[in-house]
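Subject: Structure handover

Hello,

Please find the structure below, with its sequence. My notes come after it.

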Amino acid sequence: MADLLSYFENIPKEYRTIFLVGGLSFLTLLESNFPLLNFQYKKIKHISLNLFFTLTTVLINLAGASLILYASIQSELLGFGLLKFLDLPLVFEILVGIMFLDLVGAWLVHFLEHKVRFMWRFHIIHHTDPFVDASTGLRHHPGEAIFRLTFTSLAVFLSGASFGIVMLYQTLSVFFAHWTHANIKIPTKFDFILSYVFVTPDFHKVHHHFTLPKTDSHYGNIFSLWDHIFNCSIKNYKIQSIKYGLDTHMDIEETRNIKTLLLIPFQKYRAPRGSKFSA
Ligand SMILES: [Zn+2]
């Protein structure tokens with residue numbers, strides 16, 4: 001365990017890139033062989049558009065890595081954070097650290113993106129994808145990437161997690177982002193059982209249904225536990241009845257144009273059917 005942590009503590013940027021590209025390529029290969037839905041789309045064109053947003057997300061995270069490092073050093077210097085307080089054996093320190101980072105750095109910010117109108121405007125881009133596949137995982141507006149970076153830094157500071165735990169979490173988080181969006185067919189029972197604890201491909205697809213209340217459910221990134229605990233999961237969903245997209249942005253041309261997508265947060269607000277946000 002200590003070796004694993006020291007590996008991630010010193011992991012070169014190139015290796016993290018290899019994990020990201022390798023994971024995405026592997027899942028894309030699986031999608032071709034075991035698709036959940038048979039999309040009638042130009043896959044390369046679709047992936048290229050989503051890779052543009054993946055790249056901007058990665059660049060913002062690289063630029064913001066110093067913020068995360070700063071948060072980690074500050075909590076270390078102050079002896080601050082949940083993990084310092086709990087003082088657990090290493091294996092539990094890693095587990096609790098990853099769970100806390102997932103809760104605050106991913107679940108909470110995602111939940112707020114659905115509840116705060118200003119944040120939702122940026123998150124819309126992620127939901128407009130009519131063909132959810134592995135490449136959708138990091139299809140985030142640069143503004144959303146900044147929200148997420150801020151919350152990850154906050155989570156690092158509050159958790160007092162070592163830099164090794166933070167890097168391990170980040171690597172897992174990127175893998176889960178791609179894996180849970182992947183258009184792959186998994187045995188339904190297996191997916192269902194696993195989804196009590198972890199976010200699975202079927203579990204996350206519910207979140208991409210085009211209308212409320214499904215859109216405002218299943219916020220999890222790695223652990224689905226938070227959705228079960230905070231009552232944000234939908235019981236008895238049927239994956240076959242899921243229709244991707246967002247009722248406010250169903251024009252296919254609008255969902256596959258980089259410029260239009262980048263400008264969505266600044267266009268006249270369109271309220272989804274059944275939303276508590278008014279137009
Ligand atoms: Zn969402």
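The notes below go through helix contacts, nonpolar cores and a few single residues.

Please keep in mind that this is a predicted model.

Helix packing

Helix 9, residues 163–181, is a good place to start, with helix 2, residues 13–33, beside it. The axes of these two helices come within 10 Å and cross at roughly 20°. An angle under 35 degrees counts as roughly parallel, and helix 2 and helix 9 are therefore roughly parallel to each other. The crossing of helix 2 past helix 9 is right-handed. On the helix 2 side, the residues that meet helix 9 are Arg16, Phe19, Leu20, Gly23, Leu24 and Leu27. Their counterparts in helix 9 are Thr171, Val174, Phe175, His178 and Trp179. Sorted by class, this contact of helix 2 with helix 9 holds seven nonpolar, three polar and one charged residues.

Helix 1, residues 2–9, also packs against helix 9: the two axes come within 7 Å and cross at roughly 80°. Angles from 65 to 115 degrees count as roughly perpendicular, so that is how helix 1 and helix 9 stand to each other. Helix 1 brings Leu5, Ser6, Phe8 and Glu9 to the contact. Helix 9 brings Phe163, Gly164, Ile165, Met167, Leu168 and Thr171. In this contact of helix 1 with helix 9, six residues are nonpolar, three are polar and one is charged. Thr171 of helix 9 appears in the contact with helix 2 and in the contact with helix 1.

The third pair is helix 7 and helix 8, whose axes come within 8 Å and cross at roughly 120°. How are these two helices oriented to each other? They are oblique, because their angle falls outside the ranges for roughly parallel, antiparallel and perpendicular. Helix 7 passes helix 8 in a left-handed crossing. Met119, Phe122 and His123 of helix 7 meet Gly143, Glu144 and Phe147 of helix 8. The contact of helix 7 with helix 8 has three nonpolar residues, two polar ones and one charged one.

Nonpolar cores

The largest nonpolar core has 35 residues, and the members that touch the most others are Leu101, Val156, Ile165 and Val166. Two or more residues of this core come from each of helix 4 (65–78), helix 6 (90–115), helix 7 (117–127), helix 8 (142–159) and helix 9. Helix 6 gives the largest share, eight residues. Ile165, already listed in the contact of helix 9 with helix 1, touches Leu5, Ile94, Gly97 and Ile98, leaving out residues up to four places away in sequence. Another core, of 15 residues, lies apart from the largest one, and its members include Leu138, Ala182, Phe203 and Ile222.

Single residues

His218 sits in the loop between helix 11 (201–205) and helix 12 (225–229). Is His218 buried or exposed? His218 has 24 C-beta neighbours inside 10 Å and so counts as buried, the cut-off being 20 or more. Leaving out residues up to four places away in sequence, His218 touches Phe203, His204, Val206, His207, Asp227, Cys232, Ser233 and Ile234. His204, one of these, is 14 residues from His218 in sequence and 6.2 Å away in space, C-alpha to C-alpha.

Pro213 lies in the loop between helix 11 and helix 12. A cis peptide bond joins Leu212 and Pro213, with omega about 5°.

Asp87 is found in the loop between helix 5 (82–86) and helix 6. Asp87 has 7 other C-beta atoms within 10 Å and is therefore exposed, since 12 or fewer is the limit. Phi of Asp87 is near 50°, a positive value in a residue other than glycine. Asp87 and Asp133 are 46 residues apart in sequence and 40 Å apart in space, C-alpha to C-alpha.

Asn236 also has a positive phi, near 55°, and is a residue other than glycine. Asn236 lies in the loop between helix 12 and helix 13 (258–263). With 4 other C-beta atoms within 10 Å, Asn236 is exposed.

Regards

Terms used
Residues numbered from 1 in each chain as written. Predicted model: local features only at pLDDT ≥ 70, side-chain atom pairs only at ≥ 80, totals over all residues. Axes fitted to C-alpha atoms, helices over the stretch in contact; angles between N-to-C directions. Helix = DSSP H or I, 4+ residues; strand = E, 2+ residues; numbered from the N terminus. Parallel < 35°, antiparallel > 145°, perpendicular 65-115°, else oblique. Left-handed = near helix turned anticlockwise from the far one by under 90°. Contact = placed C-beta atoms within 7 Å. Nonpolar A, V, L, I, M, F, W, Y, C, P; charged D, E, K, R; others polar. Core = buried A, V, L, I, M, F, W, Y, C linked by C-beta atoms within 7 Å.
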